[in-house]
Each structure stands twice: as structure tokens, then as C-alpha cells.
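Here are my notes on the model you sent. They are set out as numbered points, so that each can be checked against the coordinates in turn.

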Amino acid sequence: MIAITGISSLVTNDASLERGKLGVINHAALVVGVDNKIAWTGEEINLPSEFVDIAINVDGRAIIPGFVDSHTHLVFGGDRAEEFEARMSGKPYSAGGIRTTMAATRSATNESLTINAHRLANEALNTGTTTLEVKSGYGLSVNDEARSLKVAGAVTTETTFLGAHVVPPESTIDKYVDLVCGEMLKQCAPNAKWIDVFCDHGAFDVDHARVILQAGAKAGLGLRIHANQLQHGGGVQLGVELGVASCDHCTHLNDADISALADTDGQTVATLLPTAELCTRSKFPDARRLIDAGVTVALASDCNPGSSYTTSIPLAISLAVLNMNMTCDEAVWSATAGGAAALRRTDIGALHIGAQADFALLNTSSHVHLAYRPGVKLVDAVFARGQLVAGSLR
Ligand SMILES: [Zn+2]
């Protein structure tokens, strides 16, 4: 067993410790068992010697659970730097830009899609992300969605079928919804854990989204929804009605939406994606309103080549604190345990006994620096399943 000692502050997210939302242990040690799960946490002074085969001293640095990024679109070809430049010159963003990436994705080989997805997953890992959800949604044909999900499956087990991202130009909405619910779902479901719909202006309305999600549920997939990003609509209410694991974006919410989410008692998480607002110069959602109402909030990157081309969860944490009225503790919790809740996982996003040993070593003494020092690389090393997978301990 490997004991990590000299931890200035250890964020466990272990509520049973009764040390606040983050379950922070100061002057801590952490033990990784032979099964690559957390075997022990506590104050170093209490570390039992029988738990120490190898000891690694991290000299007063902080350790946090690995980030759980529960919303990414890593399978795509090309990029949209030109569109970004145009948008930054005053042209507003609409969902249509997805079709540009669709064309690049359809013409890309499986190999190049896989290389690109791995490149981004590796980028995320280096900033502390140990679990990624990855969606399809840039193929928009039966064959291209099916191969996108195979690519996603090479990166993660948290794969999501997002055939209902936008309607491709060769189809009409009714025909396309039939295709998504029929042959496309049939070909994609074997490689997907979840189904998602972009329910918003310029994409799918509530009635179509309901039909698609119900078809996905029937095929055995878990449900998620892109809701209320571009304007207010019925997406969040639909998500709650269908018991989705997460309503993502939640930028435009009224009081009824917030109380509907709160009434789910955490079964439906609100996943906020502040880098999407940042990269589209849009209004940030008010996380304070959600948290004060009792809604479980997650933070994710929405990494995609159009509206949020970043894998950085530390950046999302900074934005959540500086622009969305979250406290530092809430933002770190939402990017770890919150992301796990959005994927309905209890084995990740926390460092309780028996959890998967996924954690990040920071180059500072406290997790507060993640918000306090925006844009600075603060992750020295990353462990996934008990193994050092990025950075170094020096
Ligand atoms: Zn998205």
C-alpha cells in the first residue's frame, strides 16, 4: 500500500467526517490500497504503520479528488477558429455552427477522430480531470454517430449518444427525429451509456426532445439534456419530468424551474458550464440562486470546438466563484462530487474509504487557490486508479 504524507490539506468530500462540505483534513495522509482504492485517510499523526509499505511525502501541498467533467464533446474533426474570430468581431452565436463541425467530422477518419479525442482527454488529465463524459453529436448520420461513439468509448466508459444535437442539412426535423429514435439509436445504443438532446432555440423543441429521450430510455440508456442555454424554454421542466440525471447549461431559469430541480432532491443535477458563457460572451447563470434553493450543482467544461474550446476545470472553478457567486468550497465540490452526482456515480469525485483512488496534487497548500489564481497551472501530479498518470511528484 502507498501512503501519501505531508498533505497540507486533503479535500475528501466525505460528508461523514463532519468537516464541512468538502470534508477537509489538515496535516493529512492518504493511503491507496492494493485494489487502487482509498484505504485510509486522516491526520498524518494517526496513520497506522501497517498501512505504510511505501511512503511518499508531498511536502505541504494540497490534494483534491480528481475532477469529474460530466459534459464534453470531444469527438469531432477540425476546429472553428474562424467562426470564433467572427463572433468576437460582433456576430452572435447560434446553434448552426455545429454543422460546420459535422462536415469536418464526417470527412475525418476514425483514426484522426481518435487521436484528437485522446489529445483533448490528455489535456484534461493534465489539469486534474480523471473522469470525462464524452458525447457524439457531430456525425448526425447513422454511420457517423455510431463510429463517433466507438471513438468516445476509446476514451471513457461515460459515453453519450447525442444524435439529437441539431438537424443535419440533408434532413427535416420530423424525418430526423424518426431516424434518431429508430436506426440511429439501434446502432448507437450498444456503445452508449447515456442519451442527450440539445433542447433549445435552433435545435430540438420540448415535444421532439421528449420523444427522443423516451426512446433512449426504452433502449436502456440513462438520460441527460442540454436545456435553457440560449433562451428560456421548457427543457429543464422536461428533464425533471423524465427524471434525467442532469440538466446541462441552465443559464436561463425562472423560479419554477429552480424549484422543480430542487424538488428532485439531487436526483436531477443542474450542470453549469461557465466556460461556454465565457467563450460566447454570454450572461453567466446564477449558481447562488440554485444552491440556495437546494439544487445539486455540477461544474463541467462543455469542451467543444464551437462554444467552449477548453478542457480546463480549474478555469470553470474560477469563473464559478468570480462570476456566478459560488464559494470556493462549493465550486470545488461541484467540479468533483457534483460531476459524479451528474453521472450518478458514488465511486469517484470523493476520497472516502473504498472510492477509486483518483486525485490531483496541487502545487499550493489549499484548494482555494484554484479560484484565487485564475488561469495558472496549479496541478503538479494526477493519480487515476491509484497510478501516477500525469505530472510528477517533485
Ligand atoms: Zn454541450
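**Notes on the predicted model**

1. Leaving aside residues up to four places away in sequence, Phe 76 touches Thr 101, Ala 104, Thr 105, Tyr 138 and Pro 305. The model is a predicted one, and the points below should be read with that in mind. Phe 76 sits in the loop between strand S5 (67–69) and helix H1 (81–88). Is Phe 76 buried or exposed? Its C-beta atom has 28 C-beta neighbours inside 10 Å, and the threshold for a buried residue is 20 or more, so Phe 76 counts as buried. Ser 112 is 36 residues away from Phe 76 along the chain, and the two C-alpha atoms are separated by 9.2 Å.

2. Helix H1 follows that loop. H1 is hardly covered: of its eight residues, the number that count as buried is zero. Just after H1 comes Gly 90, which has a positive phi of about 120°.

3. The domain assignment splits the protein chain into domain 1 (2–66 + 350–391) and domain 2 (67–342). Taken over C-alpha atoms, the centres of domain 1 and domain 2 are 29 Å apart. The contact between them involves 24 residues of domain 1 and 23 residues of domain 2. On the side of domain 1 that touches domain 2, the elements giving two or more residues are strand S4 (54–65), helix H13 (369–372), strand S14 (379–384) and strand S15 (387–391). By class, the residues on that side of domain 1 are 16 nonpolar, six polar and two charged.

4. Asp 59 belongs to strand S4. Its phi is near 50°, a positive value in a residue other than glycine. Most residues other than glycine have a negative phi. Asp 59 has 11 other C-beta atoms within 10 Å, and since 12 or fewer is the limit for an exposed residue, Asp 59 is exposed.

5. Which residues make the contact between helix H7 and helix H8? From H7 they are Val 236, Gln 237 and Val 240, and these meet Asp 257, Ala 260 and Leu 261 in H8. The contact of H7 with H8 has four nonpolar residues, one polar and one charged. H7 covers residues 235–242 and H8 covers residues 255–262; their axes are 9 Å apart and the helices pack at an angle of about 20°. Angles under 35 degrees count as roughly parallel, and H7 and H8 are therefore roughly parallel to each other. Their crossing is left-handed.

6. Helix H11 (residues 313–323) and helix H12 (residues 328–342) form another helix pair, with axes that come within 9 Å and cross at roughly 145°. This crossing is right-handed. H11 contributes Ile 313, Ala 316, Ile 317, Ala 320 and Val 321 to the contact, and H12 contributes Cys 328, Ala 331, Val 332, Ser 334 and Ala 335. By class, the contact of H11 with H12 has nine nonpolar residues, one polar and no charged.

7. Asn 325 lies in the loop between H11 and H12. Like the aspartate in point 4, this residue should be checked for its backbone angle: the phi of Asn 325 is near 65°, a positive value in a residue other than glycine. With 17 other C-beta atoms within 10 Å, Asn 325 is partly exposed.

How values were computed: Residues numbered from 1 in each chain as written. Predicted model: local features only at pLDDT ≥ 70, side-chain atom pairs only at ≥ 80, totals over all residues. Axes fitted to C-alpha atoms, helices over the stretch in contact; angles between N-to-C directions. Helix = DSSP H or I, 4+ residues; strand = E, 2+ residues; numbered from the N terminus. Parallel < 35°, antiparallel > 145°, perpendicular 65-115°, else oblique. Left-handed = near helix turned anticlockwise from the far one by under 90°. Contact = placed C-beta atoms within 7 Å. Nonpolar A, V, L, I, M, F, W, Y, C, P; charged D, E, K, R; others polar. Domains from an automatic or database assignment.
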